[in-house]
Amino acid sequence: MICTNCFEAECSAAKTELTININGESHVLRDLDCETCPDCGEITFTHSQSLEIDKKRIALEFGLKPLLAPDQLKTLRRLLDMKLDEICDLLHIGRNTYGRWERGEVEITPSMNLLVHNLIEKVPDARVNLLENERTIAINKANALLLEQYISFGEYLREVIATTRLLPDVVCRLLNIELADLTKIENNDFTPEKISPEVTARIVQFFGLTLDNLKRLLNATLTIFDMKNSATMVHARSTSYDAKGAAVQNSSVNKVLEKLAQKRGGDQLKKQVSDEYFAKVKTALDDLRREGGGA
Ligand SMILES: [Zn+2]
């Protein structure tokens with residue numbers, strides 16, 4: 001084939017690589033057959049060579065979509081607020097199919113997995129709750145604003161979850177903690193050192209915090225906790241005493257104290273969370289990273 005660029009020489013077979021973009025990330029396809037001109041260096045692909053590149057790109061794109069787990073499929077349907085037959089109609093699949101995936105009776109097929117991933121990409125809340133890279137982006141964005149402020153560990157968690165629109169139970173599942181415990185941590189219901197270092201380490205890792213961030217957040221919690229103890233008398237007079245009422249009450253008490261602590265500028269000279277506790281968190285964090293790295 002004569003070179004269509006310079007018309008000076010006959011092209012010959014060669015190998016090349018191409019950088020392609022999938023979901024905003026660059027990937028390199030290597031060892032691709034092409035034709036190259038010995039005179040001007042122009043690279044061209046024949047029709048069948050282009051077809052091979054398309055196939056490789058599609059295979060890569062398929063391979064990059066992790067197979068959705070039953071939990072994720074359940075969460076997606078909840079986010080879309082759809083009944084089983086509604087989502088089956090939407091995806092043009094048999095009436096029982098989605099339910100079987102959700103219950104883990106059968107694994108979603110690779111082609112349906114790709115279709116559902118396409119659906120997830122169109123729903124912002126689903127992206128954040130189901131896709132790790134999207135979650136990281138949203139959390140980093142929220143952190144940039146939240147970590148600038150004087151804020152307690154509990155109020156930080158509540159705010160970062162609300163801002164990113166993560167579902168609290170999704171967060172709990174990923175952190176491996178109970179929803180009731182998350183609520184207690186959000187309300188600064190116990191002194192920071194009562195939170196197990198392993199749980200704190202998982203929170204630090206999940207929300208991309210540094211140990212310095214953690215120190216500031218936990219010291220603020222300690223201040224709030226001390227203030228709360230002096231406010232208990234007011235709190236005890238409350239009439240709404242079912243569990244839900246109490247949680248709402250605790251949350252608003254915390255908000256009021258948070259504002260007060262902000263005004264006071266954080267009482268930096270008061271008690272601080274012990275270095276021992278941070279050392280334990282750091283050890284737990286190192287363990288987590290080793291586990292993650294070794295997998
Ligand atoms: Zn040429």
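## Strands β1 to β3

Glu35 in β2 has Thr44 of β3 as its bridge partner. This pairing belongs to a predicted model. Strand β3 covers residues 43–44 and pairs with β2 in the antiparallel sense, over two bridges. Six residues lie between β2 and β3 in their hairpin, and within the turn Gly41 has a positive phi of about 80°.

On the other side of the sequence, β2 (residues 25–36) is joined to β1 (residues 12–22) by 10 bridges, and these two strands also run antiparallel. Ile20 stands opposite His27 of β2. The hairpin of β1 and β2 has two residues between the strands, and here Asn23 takes a positive phi near 50°.

## Domains

The protein is divided into three parts: domain 1 spans 12–63, domain 2 spans 70–130 and domain 3 spans 132–294. Taken over C-alpha atoms, the centres of domain 1 and domain 2 are 33 Å apart.

## Helix α7

Helix α7 has 15 residues. From its first C-alpha to its last it reaches 20 Å, close to the 21 Å expected at 1.5 Å a residue.

Which residues of α7 are buried? They are Arg135, Ile139 and Ala142. Seen down the axis of α7, these buried residues fall within an arc of 65°, so they line one face of the helix. They pack against α6 (124–130) and α8. The face of α7 turned away from the buried side carries exposed residues, namely Asn133, Asn140, Lys141 and Ala144.

## Nonpolar cores

In soluble globular proteins, nonpolar side chains tend to be buried together. The largest nonpolar core in this model has 32 residues, and the members that touch the most others are Val204 and Leu217. Several helices each supply at least two residues of this core: α7 (132–146), α8 (153–164), α10 (179–186), α11 (197–206), α12 (211–236), α13 (243–264) and α14 (275–294). The helix that gives the most is α12, with seven residues.

Leaving aside neighbours within four places in sequence, Val204 is in contact with Leu209, Leu214, Val281 and Leu285. A second core, separate from the largest one, has 12 residues, including Leu76, Leu79, Tyr98 and Val116.

Definitions and conventions: Residues numbered from 1 in each chain as written. Predicted model: local features only at pLDDT ≥ 70, side-chain atom pairs only at ≥ 80, totals over all residues. Core = buried A, V, L, I, M, F, W, Y, C linked by C-beta atoms within 7 Å. Buried ≥ 20, exposed ≤ 12 C-beta atoms within 10 Å, placed from the backbone. Helix = DSSP H or I, 4+ residues; strand = E, 2+ residues; numbered from the N terminus. Contact = placed C-beta atoms within 7 Å. Expected span 1.5 Å × (residues − 1). Arc of directions from axis to C-beta. Domains from an automatic or database assignment. Pairing = 2+ DSSP bridges.
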